[in-house]
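Please open the structure in your viewer and keep the sequence panel beside it, since the tour moves back and forth between the two. Each stop names a selection to make and then says what is to be found there.

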Amino acid sequence: MVQPAAAHALEFRALPLSLSASAFNFAKPGEASGKIVLNDANPANLLYQMELVAVNGENVPRRGHAFWLKPGDYELTFFPKLDDYAKKHMGLKERRNADKDLVIVSFNVMEGKTYYLAYDARDKDSLEWQPIAYRIE
């Protein structure tokens, strides 16, 4: 398992979801793209699945498995899918908002790469939990 220190150039910011002009770039079959995989996470290792809810501030239909983006820089908004075990280990304030909080990640997609993303809940302090790229192929 890759440690969080090996995470791929992710910049994390907790920001309110904003709406902007059409700015996402889902790739079509055969186009240059990078693949983002969200359904390979393992809650037993405290790595939780996430759902994509927005790209560059624009809402998209929720995607919880995989999607392809054209190469470039993006702000991806995710909804972490935490189980009861994880929620028990959160502070009261965080637990109260656990079903509503979104996380925005600045992410650079490179052509031909596959990124496996998960919500990392391994830190004892739930305020330190964040998305990571735990594997890149």
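Begin by selecting strands β4 and β7, the latter covering residues 72-80, which pair in the antiparallel sense over 5 bridges. This is a predicted model, and the pairing is described here as it appears in the predicted coordinates. To find the register of the two strands, pick Met 50, which stands opposite Pro 80 in β7.

Keep β7 selected and add strand β8, residues 103-109, which runs antiparallel to β7 and is joined to it by 7 bridges. Here a convenient pair to display is Gly 72 and Val 109, the latter in β8, which stand opposite each other.

Now return to β4, residues 50-55, and select Glu 51, which has its place in this strand. Is Glu 51 buried or exposed? Its relative accessibility is 15%, and because residues under 20% are classed as buried, Glu 51 counts as buried.

What does the side chain of Glu 51 meet in a polar contact? Show the side chain of Arg 62 as well, and a polar contact of 2.8 Å will be seen to join the two. Widening the selection to the residues that Glu 51 touches, and leaving aside those up to four places away in sequence, brings in Leu 38, Arg 62, Arg 63, Gly 64, Thr 77, Phe 78, Phe 79 and Lys 81.

Next, zoom out and colour the whole protein by secondary structure, which comes to 2 helices and 10 strands. Read along the sequence, these elements follow the pattern β-β-β-β-β-β-β-α-α-β-β-β. Of the 137 residues in the protein, 41% are buried, and among contacts between residues at least 6 apart in sequence, 71% join residues at least 24 apart. If you turn on the surface, its accessible area comes to about 7600 Å², of which 50% belongs to carbon and sulfur atoms.

Finally, recolour by pLDDT, whose mean over the protein is 82, with 80% of the residues reaching 70 or more. Select residues 1-9, where pLDDT stays under 50 and where the model has 17 contacts beyond four places in sequence. Then select residues 11-23, where the pLDDT is again below 50 and where the model has 29 contacts beyond near neighbours in sequence. Where pLDDT is low, the predicted coordinates should not be read in detail.

Key: Residues numbered from 1 in each chain as written. Heavy atoms only, no water. pLDDT = per-residue confidence, 0-100. Contact = heavy atoms within 4.5 Å. Helix = DSSP H or I, 4+ residues; strand = E, 2+ residues; numbered from the N terminus. Buried < 20%, exposed > 50% of the residue type's maximum accessible area, 1.4 Å probe, protein only. Polar contact = N/O pair within 3.5 Å; in protein donor to acceptor, adjacent residues only side chain to side chain. Pairing = 2+ DSSP bridges. Areas by Shrake-Rupley, 256 points an atom, 1.4 Å probe, with all protein chains shown as cover.
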